[in-house]
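Me: Could you take a close look at one part of this model, the sheet, and describe how it is put together and which side-chain contacts accompany it? A connected account would suit me better than a list.

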Amino acid sequence: MEKVVIVTGANSGIGLALCERLLNEDIQLRLCLACRNTQRAKAARSALLASHSKARVDLVQLDVGSVESVFRAAQELKARYKRIDFLYLNAGIMPNPQVDVNAFFKGLFSRNVINMFATAEGLLTQQDQLNSDGLQEVFATNLFGHFLLIRELEPLLCQAGHTSRLVWTSSSNARRTAFSIEDIQHKSGTEPYSSSKYASDMLSVALNRHKNSQGLFSSVICPGLVMTNLTFGILPSFFWTLIMPIMWLIRIFTNTFTLTPYNGAGSLHWLFLQTPESLDPRAKYHSLTSGFGENYTQPRQMDIDDNMCDMLYEKLLQLEKDIRRRLADSN
């Protein structure tokens with residue numbers, strides 16, 4: 001029986017590299033690119049079909065930062081498929097990144113240079129804003145929109161006698177210190193990206209606690225330091241031109257500098273080949289690349305508190321109820 005695989009944010013970067021890897025692995029699968037930009041999605045589909053002419057590649061328009069778009073896409077997916085085997089929750093944003101330039105150059109020539117690039121700790125902040133639904137944009141796109149999508153697709157994900165998988169693209173920038181359970185949307189902070197990624201780590205743990213009995217299993221990956229459109233948006237282009245030779249040199253000494261989307265998608269592909277029972281629900285699976293260019297995946301334990309995971313899950317359920325009630329009242 002063919003596998004049905006949906007990938008959000010699949011038109012470029014790690015998402016597109018994952019799709020290429022999956023089709024190389026199994027040309028029989030039914031692949032769906034869930035993307036905000038329809039034209040870019042069509043271009044990605046054409047590129048995949050050019051190298052895999054017999055592949056079945058579908059498209060669905062999905063902006064996970066919009067509640068209306070999530071509901072509309074979910075309805076389309078439920079009408080199209082009878083079940084979903086893999087849902088890769090890969091779409092994400094980092095709007096208006098600001099870099100502490102002094103800290104950057106100080107770290108560039110220090111012993112902390114590898115950790116600085118790997119985590120952006122003490123280096124990177126963002127300016128968030130409200131979206132049209134009245135939610136913080138980063139929270140809505142990186143976390144809540146995916147949560148709503150999962151909830152809407154539960155009839156296809158939680159079926160008797162069938163196992164389904166969720167895989168979240170997290171980040172080494174996901175830090176407990178950036179997240180507050182009292183402010184899950186990060187309205188008061190300056191690190192919404194880090195907060196949202198740590199929240200996705202926690203939500204994955206909570207989903208396993210609540211949904212494994214229904215056949216739904218969740219995992220989290222870190223792609224390493226990858227050069228994508230999101231990464232290139234952090235610094236001016238001339239900065240990257242200056243430091244890229246240094247980064248390739250540093251890669252000899254650290255395995256977290258995956259650098260290319262293909263390498264970064266390694267752990268996403270690796271999880272596709274594993275049984276859910278063999279995986280650790282509290283581990284983050286890291287894409288790693290040796291100095292000789294060898295790709296491999298390694299689990300690392302997450303700094304997660306079970307009670308806080310459950311609190312986040314309940315808060316998201318309540319926010320979902322509030323959103324649905326508001327939409328019902330407006331109609």
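**The sheet and its contacts**

Reply: At 48% relative accessibility, Asp 303 counts as partly exposed, and in this predicted model its side chain meets that of Arg 176 in a salt bridge, with 2.9 Å from N to O. Asp 303 sits in the loop between strand 10 and helix 13 (306–330), whereas Arg 176 sits in the loop between strand 7 (164–169) and helix 8, so that the pair links parts of the chain 127 residues apart. Arg 176 is likewise partly exposed, its relative accessible area being 32%.

From there one can turn to the sheet itself, which is open and consists of 8 strands in the order 3-2-1-4-7-8-9-10, with mixed pairing. Strand 3 (56–61) and strand 10 (295–301) occupy the edges, and because each has a single partner strand, one side of each is left without a neighbour in the sheet. From one strand to the next, the twist averages 25°.

Strand 8 (residues 216–222) and strand 9 (residues 283–289) run parallel and are joined by 3 bridges; Cys 222 has His 286, in strand 9, as its bridge partner. Thr 289 also belongs to strand 9, and Thr 289 counts as buried because its relative accessible area is 0%, under the 20% cut-off. Its side chain makes a polar contact of 3.0 Å with the side chain of Asn 295, and, leaving aside residues up to four places away in sequence, the residues that Thr 289 touches include Arg 251, Phe 257, Asn 263 and Glu 294.

Towards the other edge, a salt bridge connects Arg 30 with Asp 58, the closest N and O atoms being 2.7 Å apart. Since Arg 30 lies in strand 2 and Asp 58 in strand 3, the pair ties together parts that are 28 residues apart in sequence, and both residues are buried. Helix 2 (residues 38–51) lies across strand 2 (30–35) and strand 3, and runs at about 175° to strand 3. Helix 3 (residues 67–80) packs on the sheet as well, touching strand 1 (4–8), strand 2 and strand 3, and its direction makes about 150° with that of strand 3.

Salt bridges also occur between helices, and the structure holds 19 of them in total. One of these joins the side chains of Lys 211 and Glu 154 at 3.2 Å, N to O; because Lys 211 lies in helix 8 (residues 192–211) and Glu 154 in helix 7 (residues 154–157), this pair ties together parts 57 residues apart in sequence. Both Lys 211 and Glu 154 are buried, and both take part in a network of salt bridges whose members also include Lys 78, Arg 151 and Glu 320.

Conventions. Residues numbered from 1 in each chain as written. Predicted model: local features only at pLDDT ≥ 70, side-chain atom pairs only at ≥ 80, totals over all residues. Heavy atoms only, no water. Pairing = 2+ DSSP bridges. Helix = DSSP H or I, 4+ residues; strand = E, 2+ residues; numbered from the N terminus. Axes fitted to C-alpha atoms, helices over the stretch in contact; angles between N-to-C directions. Contact = heavy atoms within 4.5 Å. Buried < 20%, exposed > 50% of the residue type's maximum accessible area, 1.4 Å probe, protein only. Polar contact = N/O pair within 3.5 Å; in protein donor to acceptor, adjacent residues only side chain to side chain. Salt bridge = Lys/Arg side-chain N within 4 Å of Asp/Glu carboxyl O.
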